[in-house]
Amino acid sequence: MDYETHYLNVGDRNVRSMMRWWATYSRYGDEVRANGMAGYLIYWYRALSDRIDQRTLTAAPRMLRIVLATSALGSVFLLGTWAALAWLATTGRVALPVAATAVVAVQTTLAALSQFVIHGAAMFHTSLYLADMRSFLDLAHERAPQRGELTIPERVDEIHLDEVVYQYPGKDEPAVAGASLSLRRGEILAIVGENGSGKSTLAKLITGILLANKGRVLWDGVDLAQADPDAVWKRTAVVPQGFACWPLRTRENITLGQPKTFHDGPVWDVVDAVGMREAIEKLPQQLDTLLAKELWGGAELSGGQWQRLVCGRALYRQTPLLILDEPTSQMDARGEHAIFLEIKRIAAERMTIVVTHQLENTRLADRVLVMDKGRVVEHGRYEDLVNAGGLFAELVSLAKDR
Ligand SMILES: Nc1ncnc2c1ncn2[C@@H]1O[C@H](COP(=O)(O)OP(=O)(O)OP(=O)(O)O)[C@@H](O)[C@H]1O
Ligand SMILES: [Mg+2]
């Protein structure tokens, strides 16, 4: 019954703990207060809690009846045992020392029996959850994309996409609907397009985070669907659109996922490249400062400073493929300039993809890819596209007309 009630409540419990996190996380506190969301969040929290309590209470009478009935039955048997023993002893049918031994024996058996029942019940209870876990793992195994074991060369010279299609599960239309492109070592490719046109999805397909439903993504001829994902991700550095601000030290926020270094030289090089030296030197313990305001002794960075640090994290990896998905959306002009200068400086050694809404930034790219509704609608150099009278030219003129 405990499992049944838990099973009914598990959805609400999960949503409730998620809501508790969103409602109380300090990073969102300003928005919750200043947008007057507290009442709404509390209403939801109470509604979910009431629903959970209601289910628990509904199950309570049945639980009580079962407990009462089994306890009563147990008591009757126990009473019968003691009464029989007393009767045997008082009528002289068994000797007193034997009766006393019987009392001890009954007590010992009772203790052992209840341990047996308690552990048996716990095992049964746990096995129900284990069965759930097993069926979940089977489902996950069934749904997870099947990948291969092929390895990727250390030095990747070309990535080729051949009519790649990807549709998110449960969606009616593909997010990427047949995109083809080639990217060679030393090139910078800019991807632009309106919100929801499939830029981030395309970036995820190029890095093999998502596998194409149709078409192929080839890294030096190796199809990502057949490649070992770790071999692919060892060669990629990504600044995702929604990046993580890890509650770790400044140093670890840059070196994350990399082998430990014993001197900070390369870390400071990256810090300089993203123009963060001054800001980090002002932190109470520089690279050792914990970047988590919610923890004792932690410091906090501004939105743009975080973004610079995350760009530093990707640059630190020095991989053959660098993907930056709107890396400068929160940065000031100086930060943006520094990042793009650095991208240009290191471009010869790798393939670089920049997704951006700042169309002027695409001047530095060797080629610009314009996406619309999951398709590549234009493709070329900045100067050519701006005069082509297509979507890119329209977006550039809209940006200037603000
Ligand atoms: N995880 C997801 N699950 C389901 N649908 C998704 C998911 N991520 C994106 N989509 C859908 O796929 C489409 C393309 O999204 P995508 O994030 O690639 O757009 P984008 O071009 O990067 O947009 P933006 O400029 O806003 O970053 C959108 O219609 C979006 O709703
Ligand atoms: Mg995006």
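Trainee: What makes α1 and α3 roughly antiparallel to each other?

Mentor: Helix α1 (residues 2-24) and α3 pack at an angle of about 160°. Angles over 145 degrees count as roughly antiparallel, under 35 as roughly parallel, 65 to 115 as roughly perpendicular and the rest as oblique. The pair α1 and α3 is therefore roughly antiparallel. The model is a predicted one, in which local features need pLDDT of at least 70 and side-chain atom pairs pLDDT 80 or more, while totals for chains, interfaces and linings use all residues. Residues are numbered from 1 along each chain as its sequence is written, and chains are lettered from A and ligands numbered from 1 in the order in which they are written.

Trainee: How far apart are the axes of α1 and α3, and what is the hand of their crossing?

Mentor: The axes of α1 and α3 are 10 Å apart (lines fitted to C-alpha atoms over the stretch in contact, with angles from 0 to 180 degrees between N-to-C directions). The crossing of α1 and α3 is left-handed (the near helix is turned anticlockwise from the far one by less than a right angle; clockwise would be right-handed).

Trainee: Which residues make the contact of α1 with α3, and how do they divide by class?

Mentor: On α1, the contact residues include L8, V15 and M19, and on α3 they include W44, L48 and I52 (in contact means C-beta atoms, placed from the backbone, within 7 Å). By class, the contact of α1 with α3 has 10 nonpolar, 4 polar and 6 charged residues.

Trainee: What makes α3 and α4 roughly antiparallel to each other?

Mentor: The axes of helix α3 (residues 38-90) and helix α4 (residues 96-143) cross at roughly 170° and come within 9 Å. By the cut-off for that term, α3 and α4 are therefore roughly antiparallel. Their contact is made by T81, L85, L88 and A89 of α3 with L96, A99, A102, V103 and V106 of α4. By class, this contact of α3 with α4 has 8 nonpolar, 1 polar and no charged residues.

Trainee: Why are α8 and α10 called oblique to each other?

Mentor: Helix α8 (residues 265-273) and helix α10 (residues 303-317) have axes that cross at roughly 130° and come within 9 Å. That angle falls in none of the named ranges, so the pair α8 and α10 is oblique. The crossing of α8 and α10 is right-handed. The contact is made by P266, V270, V271 and A273 of α8 and G312, L315 and Y316 of α10. By class, the contact of α8 with α10 has 6 nonpolar, 1 polar and no charged residues.

Trainee: Why do β2 and β5 stand at the edges of the sheet?

Mentor: The open sheet has 4 strands in the order β2-β1-β4-β5, with antiparallel pairing. β2 (176-184) and β5 (222-223) each have a single partner strand, so one side of each is left without a neighbour in the sheet.

Trainee: How do you know that strand β4 and β5 pair?

Mentor: Strand β4 (residues 214-219) and β5 share 2 bridges in the antiparallel sense. Two strands pair if DSSP finds at least two bridges between them, so β4 and β5 qualify. W219 stands opposite V222 in β5.

Trainee: Which strands does helix α5 lie across?

Mentor: Helix α5 (residues 199-206) lies across β1 (158-166), β2 and β4, and runs at about 125° to β1.

Trainee: How many bridges join strand β9 to strand β10?

Mentor: Strand β9 (residues 367-372) and strand β10 (residues 375-380) run antiparallel and are joined by 5 bridges. L369 stands opposite H379 in β10. Their hairpin has 2 residues between the strands, and K373 takes a positive phi near 50° there.

Key: Contact = placed C-beta atoms within 7 Å. Nonpolar A, V, L, I, M, F, W, Y, C, P; charged D, E, K, R; others polar.
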